[in-house]
Amino acid sequence: MNFLEKRIAKDGIVKPGNVLKVDSFLNHQMDIALMEEIGREFHRRFADQPITKVLTIEASGIGIACFVAKEFGVPMVFAKKSKSINIEGEMYIAEVESFTHKNKNQIIVSKKFLGSEDHLLIIDDFLANGCALQGLISIAEEAGASVEGLGIVIEKGFQIGGRVIRNLGYRLESLAIVDAMDPETGTITFREQ
Ligand code: 5GP
């Protein structure tokens, strides 16, 4: 098991409905030493790419993406979830269905902060059905930026997102892939990588 899998096995809590709670170290309370290690690991995996910006989505992607951006020495941009639609023109907009909240949000990024000269590393905490990543990819496409890779902290391998994104031809790296989890026993099974 790698450093992250060990931590998930120790502190992750399996909830009914295919939800893994990691809020004691990843997305509510954050273990900063672990964040630094995650930042270094994504840097190691994508060091061969000419990354100019790290792109993520609010809220839980932000903290992680900061540590990744610091390793690359580039800015981090996050897509904001917005209900308003009267901002077209200065914003790139995509529609994203939330796995955890079961609602649809528009996500927006100002045109000031992404352009065709950018080489992006897209980062998020979880990958489930892939809606969040597809929204971010669509914003990158609208900006004419190149997506050099996508980095996910925890991929739920039993949901379709990972397959969809890899089938689109993107380089997707997940630090931990959960292939099964049992809410009765709390057992979490990781994919050998
Ligand atoms: P997707 O868009 O791939 O269906 O879902 C990814 C988004 O939903 C992530 O940004 C993450 O915030 C949230 N998410 C999906 N599955 C889980 C989960 O099992 N636990 C937690 N804490 N968040 C999740």
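## The ligand and its pocket

In this predicted model, the ligand occupies the largest pocket. Three elements each give two or more residues to the shell around the ligand: strand 2 (19-21), strand 7 (119-127) and helix 4 (131-143). Strand 7 gives the most, with 4 residues.

The ligand is surrounded by 17 residues. Among these, the closest are Leu-20, Asn-129, Gly-130, Ala-132 and Lys-156. Sorted by class, the shell holds 8 nonpolar, 6 polar and 3 charged residues.

## Polar contacts to the backbone

Oxygen atoms of the ligand pair with polar backbone atoms of the protein at several residues. At Ala-128, a polar backbone atom is 2.8 Å from an oxygen atom of the ligand. At Asn-129, the distance from a polar backbone atom to an oxygen atom of the ligand is also 2.8 Å. At Cys-131, a backbone N or O atom lies 3.1 Å from a ligand oxygen. Each of these pairs falls within the 3.5 Å cut-off for a polar contact.

The protein buries 90% of the 510 Å² that the ligand exposes when taken alone.

Two of the residues named here can also be placed in the shell's wider description. Asn-129 is one of the closest residues to the ligand, and Cys-131 falls within the range of helix 4 (131-143), an element that gives two or more residues to the shell.

## Overall build

The protein has 5 helices and 10 strands. Its radius of gyration is 16 Å, close to the 16 Å that the globule rule gives for 193 residues, so the protein is as compact as a globular protein of that length. Along the principal axes, the C-alpha atoms fill a box of roughly 50 × 35 × 30 Å.

## Backbone exceptions in two loops

Most peptide bonds are trans, and most residues other than glycine have a negative phi. Two places in the model depart from this pattern.

The peptide bond from Glu-58 to Ala-59 is cis, and its omega is near 5 degrees. Ala-59 belongs to the loop that runs between strand 3 (53-57) and helix 3 (60-72).

Asn-18, a residue other than glycine, has a positive phi, near 65 degrees. Asn-18 is found in the loop between strand 1 (13-15) and strand 2. Strand 2 (19-21) is also one of the elements that give two or more residues to the shell around the ligand.

Key:
Residues are numbered from 1 along each chain as its sequence is written. This is a predicted model: local features need pLDDT of at least 70, side-chain atom pairs count only at pLDDT 80 or more; totals for chains, interfaces and linings use all residues. Side-chain values use heavy atoms; hydrogens and water are left out. A residue is near a molecule or strand if one of its heavy atoms lies within 4 Å of it. A polar contact is a pair of N or O atoms within 3.5 Å; within protein, one must be able to donate a hydrogen and the other to accept it, and residues adjacent in sequence count only if both atoms are side-chain atoms. Accessible areas come from the Shrake-Rupley method with a 1.4 Å probe; for residues, only the protein chains shown count as cover. On a 1 Å grid over the protein atoms alone, a cavity is a set of points where a 1.4 Å probe fits but cannot get out, and a pocket is an open set with protein on both sides within 12 Å along at least five of seven lines; lining residues have an atom within 4 Å of a point. A molecule sits in a cavity or pocket if more than half of its atoms lie within 2 Å of its grid points. Ala, Val, Leu, Ile, Met, Phe, Trp, Tyr, Cys and Pro count as nonpolar, Asp, Glu, Lys and Arg as charged, and the others, Gly among them, as polar. The radius of gyration is taken over C-alpha atoms; the globule rule is 2.2 Å times the number of residues to the power 0.38.
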